[in-house]
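Welcome, and thanks for opening the viewer. Keep the selection tool at hand, and we will walk from stop to stop together.

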Amino acid sequence: MSARIERVRDSSDMSSRMSDEVREGLQKRPLPELPSKYFYDDRGSALFDDITRLPEYYPTRTEEAILETIAQEVVDRVQPRELCELGSGVGRKVRLLLDAMAHRELLERCVLLDISEGFLIESARQLDADYPDLAVRGVVGDFLEDLPALGAGGGRLALFLAGTIGNLHPDRVPPFLRDLARQLDPGDAFLLGLDLVKDAARLHAAYNDSAGVTAEFNRNILRVVNTHLGADFEPEAFEHVAFYDPDNAWIEMRLRATRGMRVSIPGANLQMVLEPGDEIRTELSCKYTRGSLEARLPGTGLCVEAWYTDPDQLFACALLRRSHETIPSEEEP
Ligand SMILES: C[S@@+](CC[C@H](N)C(=O)[O-])C[C@H]1O[C@@H](n2cnc3c(N)ncnc32)[C@H](O)[C@@H]1O
């Protein structure tokens, strides 16, 4: 079989969305911001992959170790016929679940959805080559807007790993979970990777690695805006800032101007003046507890069936089940 690749939006739609989102974000005051999904062109995705191997960056190896331990149990509980990973990246972790499905002769379909087209195509092709009996579908889309492109549920196990849900502002989490639950049938399941609240020093180190890879990843967002919107940001004129905010239980990443500058972003019809020390917020990474996740579940049609963590309680994988609860459509009040 060969992997099927679908694009939810054409390039002019993608460009006009980017233009609107960048303009709206950079006009926010007191703190301008850029949507973190724009880190991920090919270079940004490769830099993120480098981050996952850094000694300070515990989330990837911890989540992988949890998945290695639980994959068979999760598959045996859910009996999925389709795996569906949102924000799939290099698509390595999904293999742990696919192998467990193969072990029970359940391997049928796999859908990868990601905004980073080059990486998505490559990982869909590699899955296709390595699992010849699997029907692989790659969907180039936005998990905040394009979940209906997944199609109707049924026998589906959705995955959202790496703590990527932490990049959503907490207010956006319940609507996101409702949107996802609409693509699940009662009995379908959702395995969610969550970075847990912990010691601030450990969090700080994970986002301020000594090799400077996270700083380069952070600055990449400016390169993406330059490439797609014709902007003239000088990434090297910004320093990487990442700190833990215990009141909100999130890491915030920012870029701080090291000198005064005027930036033109013609594709967003915007000029920006920055003074030395001015900052642009580029990412939130919310840290969770079981309680803070459960507080966001009422009305989403999802409930926690199992909670798996590592011995040091650094990271968790929550297995959520789609209940029979009716989720109101978006139009209904
Ligand atoms: C933190 S990485 C995780 C990658 C991979 N799942 C892992 O476990 O290593 C986040 C992934 O989500 C993708 N992504 C970020 N925002 C997105 C969005 N709004 N819609 C679709 N994909 C998005 C990125 O391209 C990237 O591959």
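**First stop: D199**

Select D199: this residue counts as exposed because it has 10 C-beta neighbours inside 10 Å, and the cut-off for exposed is 12 or fewer. Please keep in mind throughout that you are looking at a predicted model. D199 sits in the loop that runs between β6 (189-195) and α7. Now add P59 to your selection. These two residues are 140 residues apart along the chain, yet 14 Å separates their C-alpha atoms.

**Second stop: the two domains**

Next, colour the protein chain by its two parts: domain 1 (29-55 + 200-286) and domain 2 (58-199 + 291-322). If you place a marker at the centre of each domain, taken over C-alpha atoms, the markers will be 26 Å apart. Where the domains meet, 19 residues of domain 1 are in contact with 18 residues of domain 2.

Which elements should you pick out on the side of domain 1 that touches domain 2? Try α2 (42-51), α7 (200-206) and β11 (279-286), since each supplies at least two residues there. Of these, linger on α7, which gives the most to that side, with 5 residues. Colouring this side of domain 1 by class will show you 9 nonpolar, 4 polar and 6 charged residues.

**Third stop: the nonpolar cores**

Now select L83, L97, A158, L159, F190, L192 and L194. Within the largest nonpolar core, which has 65 residues, these are the ones that touch the most other members. Both domain 1 and domain 2 give residues to this core, so it lies between them.

Zoom in on A158 for a moment. Setting aside neighbours within four places in sequence, you will find A158 in contact with C84, L86, L180, L184 and F190. Apart from the largest core there is another one, made of 24 residues; select V22, F39, L47 and L274, which are among them.

**Last stop: the ligand**

Finally, centre the view on the ligand. How many residues surround the ligand, and which are the closest? There are 18 of them, and the closest are K37, Y40, G87, G89 and A162. Colour this shell by class and you will see 7 nonpolar, 7 polar and 4 charged residues. Bring back your domain colours as well: domain 1 and domain 2 each contribute at least three residues to the shell around the ligand.

Conventions:
Residues are numbered from 1 along each chain as its sequence is written. This is a predicted model: local features need pLDDT of at least 70, side-chain atom pairs count only at pLDDT 80 or more; totals for chains, interfaces and linings use all residues. A residue is near a molecule or strand if its C-beta atom, placed from the backbone, lies within 6 Å of it. Ala, Val, Leu, Ile, Met, Phe, Trp, Tyr, Cys and Pro count as nonpolar, Asp, Glu, Lys and Arg as charged, and the others, Gly among them, as polar. Domain bounds come from an automatic or database domain assignment. A nonpolar core is a set of buried Ala, Val, Leu, Ile, Met, Phe, Trp, Tyr and Cys residues joined through C-beta atoms within 7 Å. A residue is buried if 20 or more other C-beta atoms lie within 10 Å of its own, exposed if 12 or fewer, and partly exposed in between; C-beta atoms are placed from the backbone. Two residues are in contact if their C-beta atoms, placed from the backbone, lie within 7 Å. Helices (H or I, at least four residues) and strands (E, at least two) are DSSP runs, numbered from the N terminus.
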